[in-house]
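Trainee: Could you walk me through how to read a helix and an aromatic pair in a model like this?
Mentor: Gladly, let us look together.

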Amino acid sequence: MRKYSLMMGSEVLVRSAIYAGIRFYAGYPITPATEIAEYMSQLLPRAGGIFVQTEDELAAINMAIGASVAGWKAMVATSGPGFSLMQEGIGHAINTEVPLLIVDVQRGWSIDWSANNAIATRRISG
């Protein structure tokens with residue numbers, strides 16, 4: 001009989017990345033990508049990897065680039081606004097052909113758009 005586990009998508013992503021050889025993670029906790037950082041902080045050190053919580057998204061992408069250049073399989077995870085802040089580093093990694101795993105976690109929307117304060121405020125204000 002097979003053994004099955006019920007996991008959240010973020011945990012599956014982290015376990016798969018570690019299984020694929022990721023040994024360096026740098027990230028800034030930004031919702032909804034925070035769960036990835038939480039799982040990485042618990043599981044990556046057990047696999048002999050390094051977890052770094054950075055001060056911002058720019059530091060995260062640049063640390064991942066540095067780790068990759070040094071020979072580590074590196075990963076970052078962020079959300080839409082954080083991905084925008086990483087563009088300079090992503091462009092640098094592309095131009096210099098530095099391999100990275102970049103995860104962009106998208107925010108979900110509810111039917112009444114209450115998940116986005118700007119849209120909710122605009123709707124109320126007319």
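**Reading helix H3**

Mentor: Helix H3 has 13 residues (57-69), which at 1.5 Å a residue should span 18 Å, and its end C-alpha atoms are indeed 18 Å apart. The expected span is 1.5 Å times one less than the number of residues. Helices are DSSP runs of H or I with at least four residues, strands are E runs of at least two, and both are numbered from the N terminus.
Mentor: This is a predicted model, where local features need pLDDT of at least 70 and side-chain atom pairs count only at pLDDT 80 or more, while totals for chains, interfaces and linings use all residues. Residues are numbered from 1 along each chain as its sequence is written, and side-chain values use heavy atoms, leaving out hydrogens and water.

Trainee: Which residues of H3 are buried?
Mentor: An α-helix has 3.6 residues a turn, so residues three or four places apart point the same way. Here the buried ones (under 20% relative accessible area; exposed is over 50%, partly exposed in between; 1.4 Å probe, protein chains only) include Ile-61, Ala-64, Ile-65 and Ser-68.

Trainee: What lies just after H3?
Mentor: Gly-71, with a positive phi of about 105°.

Trainee: How do I read the aromatic pair?
Mentor: A pair of aromatic rings is described by the distance of the centres and the angle of the planes. The structure holds 1 such pair: Tyr-25 and Phe-51 are stacked, 5.6 Å centre to centre with 0° between the planes. Rings of Phe, Tyr and Trp (its six-membered ring) pair if their centres lie within 6.5 Å; planes under 30 degrees apart are stacked, over 60 edge-to-face, the rest tilted.

Trainee: Is Tyr-25 buried or exposed?
Mentor: Tyr-25 is buried at 0% relative accessible area, whereas Phe-51 is partly exposed at 25%.
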